[in-house]
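Me: Could you take a close look at one part of this model for me? I'd like to understand the sheet and what surrounds it.

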Amino acid sequence: MNNQNNNLKTSIFEYRKHLEQVEEILDELFQHSHNGDIFVVEGKRDIRSLKKLGIDGDIETVSNKSILNFSEDIAYTGKCVIILTDWDRRGEILASRLSEYLQTLDADYDIEIREQLKSLVKKEIKDIESLYTYVMKLRSIAGTTSDFTDFTDEFGYYVYHPFGW
(Lines give C-alpha, C1' and ligand atoms only; values in the text may rest on other atoms or scores of the structure.)
Protein backbone atom coordinates (compact mmCIF):
# COMPACT_ATOMS: atom_id res chain seq x y z
CA MET A 1 0.00 0.00 0.00
CA ASN A 2 2.80 2.40 0.87
CA ASN A 3 4.46 1.76 -2.50
CA GLN A 4 1.17 2.56 -4.22
CA ASN A 5 0.98 5.91 -2.39
CA ASN A 6 4.55 6.74 -3.42
CA ASN A 7 3.71 6.04 -7.06
CA LEU A 8 0.66 8.26 -6.86
CA LYS A 9 2.65 11.12 -5.29
CA THR A 10 5.30 10.85 -7.97
CA SER A 11 2.63 10.80 -10.64
CA ILE A 12 0.88 13.90 -9.29
CA PHE A 13 4.24 15.65 -9.01
CA GLU A 14 4.98 14.81 -12.64
CA TYR A 15 1.56 16.08 -13.73
CA ARG A 16 2.13 19.32 -11.83
CA LYS A 17 5.57 19.76 -13.38
CA HIS A 18 4.15 19.08 -16.84
CA LEU A 19 1.30 21.52 -16.21
CA GLU A 20 3.78 24.17 -15.08
CA GLN A 21 5.72 23.78 -18.33
CA VAL A 22 2.55 24.07 -20.42
CA GLU A 23 1.41 27.10 -18.38
CA GLU A 24 4.77 28.79 -19.08
CA ILE A 25 4.09 28.46 -22.80
CA LEU A 26 0.55 29.77 -22.31
CA ASP A 27 2.01 32.75 -20.49
CA GLU A 28 4.31 33.39 -23.43
CA LEU A 29 1.34 33.17 -25.82
CA PHE A 30 -0.62 35.55 -23.61
CA GLN A 31 2.23 38.06 -23.75
CA HIS A 32 2.35 37.82 -27.55
CA SER A 33 -1.41 38.36 -27.62
CA HIS A 34 -1.08 41.36 -25.32
CA ASN A 35 1.63 42.75 -27.64
CA GLY A 36 -0.72 42.59 -30.63
CA ASP A 37 1.10 39.79 -32.45
CA ILE A 38 -0.70 37.62 -35.01
CA PHE A 39 -1.37 33.94 -34.36
CA VAL A 40 -1.73 31.58 -37.31
CA VAL A 41 -3.81 28.43 -36.80
CA GLU A 42 -5.52 25.96 -39.10
CA GLY A 43 -9.19 26.30 -38.24
CA LYS A 44 -12.04 27.75 -36.21
CA ARG A 45 -11.77 25.10 -33.50
CA ASP A 46 -8.16 26.13 -32.94
CA ILE A 47 -9.31 29.73 -32.49
CA ARG A 48 -11.99 28.62 -30.03
CA SER A 49 -9.45 26.63 -27.97
CA LEU A 50 -7.03 29.56 -27.75
CA LYS A 51 -9.81 31.97 -26.81
CA LYS A 52 -11.01 29.62 -24.07
CA LEU A 53 -7.47 29.75 -22.69
CA GLY A 54 -7.60 33.56 -22.76
CA ILE A 55 -5.38 33.95 -25.81
CA ASP A 56 -7.25 36.42 -27.94
CA GLY A 57 -6.35 39.20 -30.28
CA ASP A 58 -5.51 38.68 -33.90
CA ILE A 59 -5.85 34.96 -34.69
CA GLU A 60 -5.84 34.13 -38.38
CA THR A 61 -6.61 30.84 -40.08
CA VAL A 62 -4.73 29.59 -43.08
CA SER A 63 -7.65 29.89 -45.46
CA ASN A 64 -8.34 28.80 -49.00
CA LYS A 65 -5.91 31.48 -50.12
CA SER A 66 -2.53 30.30 -51.30
CA ILE A 67 0.01 30.03 -48.49
CA LEU A 68 2.26 32.50 -50.30
CA ASN A 69 -0.50 35.14 -50.56
CA PHE A 70 -1.52 34.52 -46.96
CA SER A 71 2.12 34.90 -45.86
CA GLU A 72 2.48 38.14 -47.82
CA ASP A 73 -0.68 39.57 -46.27
CA ILE A 74 0.37 38.87 -42.69
CA ALA A 75 4.01 39.82 -43.30
CA TYR A 76 3.00 43.26 -44.53
CA THR A 77 1.24 44.00 -41.23
CA GLY A 78 4.68 44.41 -39.66
CA LYS A 79 3.58 42.39 -36.63
CA CYS A 80 5.27 39.31 -35.25
CA VAL A 81 3.61 36.14 -36.56
CA ILE A 82 3.24 33.21 -34.16
CA ILE A 83 2.86 29.95 -36.09
CA LEU A 84 0.62 27.51 -34.20
CA THR A 85 -0.33 24.88 -36.74
CA ASP A 86 -1.09 21.32 -35.61
CA TRP A 87 1.67 18.75 -35.36
CA ASP A 88 0.15 16.27 -37.75
CA ARG A 89 1.55 15.87 -41.28
CA ARG A 90 -0.54 18.71 -42.75
CA GLY A 91 0.35 21.04 -39.86
CA GLU A 92 4.05 20.27 -40.23
CA ILE A 93 3.93 21.09 -43.95
CA LEU A 94 2.02 24.34 -43.30
CA ALA A 95 4.44 25.39 -40.55
CA SER A 96 7.42 24.69 -42.78
CA ARG A 97 6.02 26.61 -45.74
CA LEU A 98 4.82 29.53 -43.63
CA SER A 99 8.18 29.92 -41.93
CA GLU A 100 9.98 29.63 -45.27
CA TYR A 101 7.81 32.31 -46.90
CA LEU A 102 7.89 34.61 -43.87
CA GLN A 103 11.67 34.34 -43.70
CA THR A 104 11.91 35.17 -47.43
CA LEU A 105 9.64 38.18 -46.83
CA ASP A 106 11.91 39.23 -43.94
CA ALA A 107 8.96 39.09 -41.54
CA ASP A 108 9.24 38.71 -37.80
CA TYR A 109 7.88 35.26 -36.93
CA ASP A 110 8.10 32.65 -34.21
CA ILE A 111 7.89 28.91 -34.73
CA GLU A 112 9.79 27.99 -31.56
CA ILE A 113 6.73 28.29 -29.32
CA ARG A 114 4.98 25.73 -31.52
CA GLU A 115 7.99 23.41 -31.31
CA GLN A 116 8.17 23.73 -27.51
CA LEU A 117 4.45 23.06 -27.15
CA LYS A 118 4.61 20.13 -29.55
CA SER A 119 7.50 18.53 -27.68
CA LEU A 120 5.54 18.78 -24.41
CA VAL A 121 2.16 17.46 -25.55
CA LYS A 122 2.61 15.47 -28.77
CA LYS A 123 2.11 12.13 -27.02
CA GLU A 124 -1.25 13.25 -25.62
CA ILE A 125 -2.73 15.59 -28.25
CA LYS A 126 -2.06 16.32 -31.91
CA ASP A 127 -3.62 19.72 -32.43
CA ILE A 128 -4.29 23.18 -31.03
CA GLU A 129 -8.04 22.54 -30.84
CA SER A 130 -7.40 19.93 -28.11
CA LEU A 131 -5.16 22.21 -26.06
CA TYR A 132 -7.89 23.74 -23.87
CA THR A 133 -9.34 20.34 -22.91
CA TYR A 134 -5.86 18.99 -22.27
CA VAL A 135 -4.92 21.89 -19.98
CA MET A 136 -8.18 21.53 -18.04
CA LYS A 137 -7.51 17.79 -17.65
CA LEU A 138 -3.98 18.46 -16.38
CA ARG A 139 -5.28 21.05 -13.93
CA SER A 140 -7.87 18.60 -12.66
CA ILE A 141 -5.39 15.74 -12.20
CA ALA A 142 -2.77 17.99 -10.64
CA GLY A 143 -5.37 19.33 -8.23
CA THR A 144 -4.75 22.93 -9.12
CA THR A 145 -6.13 25.62 -11.36
CA SER A 146 -2.51 26.77 -11.82
CA ASP A 147 -0.40 29.43 -10.21
CA PHE A 148 -2.24 31.95 -12.34
CA THR A 149 -5.65 33.46 -11.76
CA ASP A 150 -8.41 32.16 -13.98
CA PHE A 151 -11.64 33.97 -14.61
CA THR A 152 -14.58 32.92 -16.70
CA ASP A 153 -16.25 35.34 -19.10
CA GLU A 154 -19.96 35.54 -19.83
CA PHE A 155 -19.66 32.68 -22.36
CA GLY A 156 -17.98 30.28 -19.93
CA TYR A 157 -14.55 30.69 -21.53
CA TYR A 158 -11.55 30.95 -19.27
CA VAL A 159 -9.91 34.33 -19.45
CA TYR A 160 -6.26 33.76 -18.81
CA HIS A 161 -4.54 36.44 -16.75
CA PRO A 162 -1.06 35.41 -15.61
CA PHE A 163 -0.79 38.29 -13.16
CA GLY A 164 -4.33 38.20 -11.83
CA TRP A 165 -5.58 41.24 -13.79
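Reply: Happy to help; here is a walk through the sheet, its helices and one loop residue. Please keep in mind that this is a predicted model.

Let's start with the sheet itself. Its 4 strands form an open sheet with parallel pairing, in the order β2-β1-β3-β4. The edges are taken by β2 (58-61) and β4 (109-110); each has a single partner strand, so one side of each is left without a neighbour in the sheet.

Further in, β1 (residues 38-41) runs parallel to β3 (residues 81-83), and 3 bridges join the two. If you would like a spot to click on, try Phe-39, whose bridge partner in β3 is Ile-82.

Now for the helices. Helix α2 (residues 44-52) packs on the sheet, where it touches β1 and β2. The direction of α2 makes about 160° with that of β2. Helix α3 (residues 67-75) packs on the sheet too, in touch with β1, β2 and β3, and its direction makes about 165° with that of β1.

Finally, have a look at the loop between α2 and β2, which is where you will find Gly-57. With a relative accessible area of 49%, Gly-57 counts as partly exposed, because the exposed class begins over 50%. Leaving aside residues up to four places away in sequence, Gly-57 touches Ser-33 and Lys-51. Gly-36 is 21 residues away from Gly-57 along the chain, yet their C-alpha atoms are separated by 6.6 Å.

Conventions. Residues numbered from 1 in each chain as written. Predicted model: local features only at pLDDT ≥ 70, side-chain atom pairs only at ≥ 80, totals over all residues. Heavy atoms only, no water. Pairing = 2+ DSSP bridges. Contact = heavy atoms within 4.5 Å. Axes fitted to C-alpha atoms, helices over the stretch in contact; angles between N-to-C directions. Buried < 20%, exposed > 50% of the residue type's maximum accessible area, 1.4 Å probe, protein only.
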